[in-house]
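Work through the exercises below with the sequence and the coordinates at hand. Try each task before reading its solution.

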Amino acid sequence: MSKDYSFVQTFDPVRKLQYVNDDPSVMHCHHFATLYTKLAVDMKDIRGPELMREAMEESFYIVLKKAFIVRGTMSKEEKIKIAEEHFRLCGLGKARFSVGETGGNVELSHSHLDEGWIKKWQRQPEPVNFMGQGYIAAAFSLINGKSLRSYQVKETQSIVSGAPTSKFTVTLKEEA
Amino acid sequence: MAINRKVAIEQLSQIKVKGNQDGLIPAFGVLIQFLPTNFWNSFTEKMLKSVDQSKIDDVEKGLENAAAECGYHTGWGIINSEEFRAVISPMVEKAPEDILHGAFAVLSAWGWADSEITELIPGSRMVVCAYGYYEAEIEDTYNSGRPVAFMLKGICRAFMDIAYGPAYPKGLNTFTCKQTKGLELGDRFGEFIVSKR
């Protein structure tokens, strides 16, 4: 089976649903994503940012797991490529993953959330890309054959704060 | 109504989007992302389950306002786009009413909600019926006991803002929306009533 990644968009005319690779999916804009993120920030007392990260990690654990399974046995590099490609094709930004079993790093040269935030408001000092953090956590778990919520992600540099790229360090939780 | 919904949905639903070389999707004057519906529903559910009753209004308003701003700005971009002009504009006999009907064809074509306007008093009141919407899937894991289609509420009032509010970008929040029925509540369809504030 070819290991090239395809991002297939289809429409169910009966249910009126869009799908990406058989997952019901929906397009939203940066206004929507940044305002949901701002709501998460405003609700820090109920762990709003963590809840957003968790929702994203759970969702993409399923999406990426299916993407890996349908392609059969793959090398770690092939799985990384798929994680990077899906991140790019779904419009979240441009990511480069460096993955070891106990953790690693991710760098974004572009970010929907960060650039959307700046477009809508202005720069801000604290990271806001909880969605990106959740995606990265899911990807690391699957690339390393581990269960959901195995990795902790910390954003150490952010485009939203004025940095040229966003950077994340990823750590296996039992090691953290 | 001059808008042929079936044709409009068939054509609009074929528009494909995906990230460019930078992983961004610039379209309709905004940046777009294309994510699983269960992410948005899961976040909503987690927030509603976690929040204290005294702050639940803040969460619900926040979710609705996000959709209202999205519907207003992106909706404006969509109805002024080449794609909308190519498919909907040739069908328009009366503006802004037919443009409003066209906007709900977009909503159906792009997987937000299979919905249509069932009553429209220009400038005053609109009733929208939604026969399927991704927000209703929240009922699989969350029995809310109340309407929770905040995205659709926001979108409905935003589209009325575009049609009958002050000229863009000053019309946001001219109208308000109440959800009176919901698939997530076991009703046969969701019902959204928009009126002037």
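**Exercise 1. Which residue is the bridge partner of Cys29(A) in β2(B)? Then place that pair in its sheet.**

Solution.
- Step 1. The model is a predicted one. In β2(B), Cys29(A) has Ile32(B) as its bridge partner.
- Step 2. Move from the residue pair to the strands. β3(A) and β2(B), residues 30-36, run antiparallel and are joined by 5 bridges.
- Step 3. Extend to the sheet. It is open, has 5 strands and follows the order β1(A)-β2(A)-β3(A)-β2(B)-β1(B). The pairing is antiparallel.
- Step 4. Find the ends. β1(A), residues 9-12, and β1(B), residues 25-27, are the edge strands, and each pairs on one side only.
- Step 5. Add the geometry. From one strand to the next, the twist averages 45°.

**Exercise 2. Where does Asp22(A) lie, and what is its phi?**

Solution.
- Step 1. Asp22(A) sits in the loop between β2 (17-20) and β3 of chain A.
- Step 2. Its phi is positive, about 70°. Asp22(A) is not a glycine.

**Exercise 3. Describe the fold of chain B from its elements and its overall dimensions.**

Solution.
- Step 1. Count the elements. Chain B contains 6 helices and 6 strands.
- Step 2. Read them in sequence order. The pattern is α-β-β-α-α-α-α-β-β-α-β-β.
- Step 3. Check the radius of gyration. A compact globule of 197 residues would have a value near 16 Å, and chain B has 16 Å, so the two agree.
- Step 4. Take the extents along the principal axes. The C-alpha atoms of chain B fill a box of roughly 50 × 45 × 35 Å.

**Exercise 4. What is the strand order of the open sheet of 4 strands in chain B? Add its pairings and the helix across it.**

Solution.
- Step 1. The order is β3-β4-β6-β5, with antiparallel pairing.
- Step 2. β3 (113-121) and β5 of chain B are the edge strands; each pairs on one side only. The twist averages 20° from one strand to the next.
- Step 3. Start at the β3(B) end. β3(B) and β4(B) form an antiparallel pair over 8 bridges. Glu119(B) stands opposite Val127(B) in β4(B).
- Step 4. Look at the turn. The hairpin of β3(B) and β4(B) has 3 residues between the strands, and Gly123(B) takes a positive phi near 80° there.
- Step 5. Go to the β5(B) end. β5(B) pairs with β6(B), residues 190-196, in the antiparallel sense over 6 bridges. Phe175(B) faces Lys196(B) of β6(B) across the pair, standing opposite that residue.
- Step 6. Add the helix. α6(B) lies across β3, β4 (125-133), β5 and β6 of chain B. It runs at about 140° to β5(B).

**Exercise 5. Which residues do the cis peptide bonds at Pro96(B) and Pro169(B) join, and in which loops do these prolines lie?**

Solution.
- Step 1. One cis bond joins Ala95(B) and Pro96(B), with omega about 5°. Pro96(B) is in the loop between α4 (82-87) and α5 (97-109) of chain B.
- Step 2. Another joins Tyr168(B) and Pro169(B), with omega about 10°. Pro169(B) is in the loop between α6 and β5 of chain B.

**Exercise 6. Characterise the largest pocket and the second largest pocket by volume, lining and residue class.**

Solution.
- Step 1. The largest pocket has a volume of about 310 Å³. Its lining has 17 residues. Nearest its centre are Thr37(B), Asn38(B), Asn41(B), Glu137(B) and Asp140(B).
- Step 2. Assign elements. β3 (23-29) and α2 (48-69) of chain A, along with α2 (37-50) of chain B, each supply at least two lining residues. α2(B) gives the most, with 5 residues.
- Step 3. Sort by class. The lining of the largest pocket has 7 nonpolar, 5 polar and 5 charged residues.
- Step 4. Repeat for the second largest pocket. The volume is about 260 Å³, and 16 residues line this pocket. Glu60(B), Lys61(B), Glu64(B), Lys153(B) and Cys177(B) lie nearest its centre.
- Step 5. In chain B, α3 (56-79), α6 (150-164) and β5 (175-181) each supply at least two residues of this lining. α3(B) gives the most, with 5 residues.
- Step 6. By class, the lining of the second largest pocket holds 5 nonpolar, 3 polar and 8 charged residues.

Technical notes
Residues are numbered from 1 along each chain as its sequence is written. Chains are lettered from A and ligands numbered from 1 in the order in which they are written. This is a predicted model: local features need pLDDT of at least 70, side-chain atom pairs count only at pLDDT 80 or more; totals for chains, interfaces and linings use all residues. Side-chain values use heavy atoms; hydrogens and water are left out. On a 1 Å grid over the protein atoms alone, a cavity is a set of points where a 1.4 Å probe fits but cannot get out, and a pocket is an open set with protein on both sides within 12 Å along at least five of seven lines; lining residues have an atom within 4 Å of a point. Grid points are joined across faces, edges and corners, and a volume is the space filled by probe spheres set on the points. Ala, Val, Leu, Ile, Met, Phe, Trp, Tyr, Cys and Pro count as nonpolar, Asp, Glu, Lys and Arg as charged, and the others, Gly among them, as polar. Two strands pair if DSSP finds at least two bridges between them. Axes are lines fitted to C-alpha atoms, for helices over the stretch in contact, and angles run from 0 to 180 degrees between N-to-C directions. Contact means heavy atoms within 4.5 Å. The radius of gyration is taken over C-alpha atoms; the globule rule is 2.2 Å times the number of residues to the power 0.38.
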